[in-house]
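Open the model in your viewer and keep the selection tool at hand. The stops below go from strands to charged side chains.

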Amino acid sequence: MIQSHRITDIHHHAFPPEAPVHPWNIYTDKQVMEKQGITQIILSCPLPVYKENVRQINLFLAKQTDIYPENYRMLGALPYDDIGAAIEEVSYVLDELKAPGFGINTHIDDTYFSDDRLEPLFEELNRRHALLFLHPQHKRASGNKKLLFTGNDSVYEYTFDTTRAVLDYVLKEKTERWKDIRIILPHAGGTIPFLAHRIAISGEWKAISHSEEQIYTALKCFYYDLTLNHCDRNYQFMKEFVGTDHLLFGTDYPNSGIRTPERDIKTLKETSVFTDIEKADILYSNMEKLLNKTSPGDF
């Protein structure tokens, strides 16, 4: 069993005190992560972001990471409602705050990250070889608001929202257009890996105009965090689908609670699906390579 002392959590959220979501502060977070053995944390804020609040959120994230710079880094937020403000924030986050990339929403209101109106923003992100971590938005787009489940819809809807957003991006051929943008998908890509074959062959009944090779090439260019997908069955599936060099570790803390990270780390370290080298890659090395492509040095 691997005894890695280095674990990087790519899927980790911070919430400002005024946000009515999860009570959160950096000091409690640090204590919990130390107990779990997690050594590096990449913070992102999954709240809706607009021109009016984006700078406030990014300054909040920067303030938190400055407290424990040896353990924490941030992914900056970007708005979709003002392209000029978003492009300005790209420079501010990368050049002034020295963040390695951005945590972006699948959608904000009814604008998905694949929307053609965001083309100038993605042109700049591509020029900057940006690293993006995609995350589903808890406020649904207007066409998807009907609740078909009496419980918390994070059980299923977040994965569907990720699938909806990413497939639109792929089918618009934006993975081919923006080849220098590296994108991390949450929750093992939602339902995308399971649907990949169906999507790839759907040209046979003229549902899409893309070839099977085009679809698989696009889907395999993403990185997939294994958040909330830690079991041997899913490990085997993801290993065969995308390869271990495109798999990352994440916890979804604090959303996932305290016990989930401990269980998931134990499951990953004890599985026989991955070799010890592959486990180390997933727990740390793959993310380190992504960070070092963006900015020099380590934590």
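The tour of this predicted model follows, one selection at a time.

**Stop 1: strand β1.** Select residues 8-13, which make up β1; 6 of its 6 residues are buried. Add residues 40-44, strand β2, which runs parallel to β1 and is joined to it by 4 bridges. To check the register, pick Thr-8 and look across to Gln-40 in β2, its opposite residue.

**Stop 2: the open sheet.** Next, display the sheet of 5 strands ordered β4-β7-β8-β9-β10, where the pairing is parallel. Its edge strands are β4 (102-105) and β10 (247-248), each of which pairs on one side only. Strands of a sheet pair through backbone hydrogen bonds, either parallel or antiparallel. Zoom in on β4 and add residues 131-135, strand β7: the two strands pair in the parallel sense over 4 bridges. Ile-104 is a useful marker here, standing opposite Leu-134 in β7.

**Stop 3: a salt-bridge network.** The structure holds 16 salt bridges. Select Asp-116, Glu-119, Lys-174 and Arg-177, which are linked in a network of such bridges. Start with Lys-174 and Glu-119, whose closest N and O atoms are 3.0 Å apart. Lys-174 belongs to helix α6 (residues 174-177) and Glu-119 to helix α4 (residues 119-127), so this pair ties together parts that are 55 residues apart in sequence.

Now move to Arg-177, whose side chain meets that of Glu-119 in a salt bridge of 2.3 Å, N to O. Arg-177 is in helix α6 and Glu-119 in helix α4, so the contact ties together parts 58 residues apart in sequence.

Is each of these partners buried or exposed? Lys-174 counts as buried because its relative accessibility is 4%. Glu-119 is buried too, with a relative accessible area of 16%. Arg-177, at 52%, is exposed.

**Stop 4: a pair of sequence neighbours.** Select Arg-263 and Asp-264, whose side chains meet in a salt bridge (3.1 Å, N to O). Colour by accessibility: Asp-264 counts as buried at 2% relative accessibility, whereas Arg-263 counts as partly exposed at 47%.

**Stop 5: a negative patch.** Finally, turn on the surface and select Glu-52, Asp-81, Asp-109 and Asp-110, which form a negative surface patch. Centre on Asp-109, found in the loop between β5 (107-108) and β6 (111-112). With 39% relative accessibility, Asp-109 counts as partly exposed.

Key. Residues are numbered from 1 along each chain as its sequence is written. This is a predicted model: local features need pLDDT of at least 70, side-chain atom pairs count only at pLDDT 80 or more; totals for chains, interfaces and linings use all residues. Side-chain values use heavy atoms; hydrogens and water are left out. Patches are made of residues with over 30% relative accessible area and no salt bridge: like charges are joined within 9 Å, nonpolar side chains (Val, Leu, Ile, Met, Phe, Trp, Tyr) within 5 Å. Accessible areas come from the Shrake-Rupley method with a 1.4 Å probe; for residues, only the protein chains shown count as cover. A salt bridge is a side-chain nitrogen of Lys or Arg within 4 Å of a carboxyl oxygen of Asp or Glu. Lys and Arg count as positive and Asp and Glu as negative; His and the chain ends are not counted. The place of a charge is taken as NZ of Lys, CZ of Arg, CG of Asp or CD of Glu. Buried means under 20% relative accessible area, exposed over 50%, partly exposed in between (1.4 Å probe, protein chains only). Two strands pair if DSSP finds at least two bridges between them.
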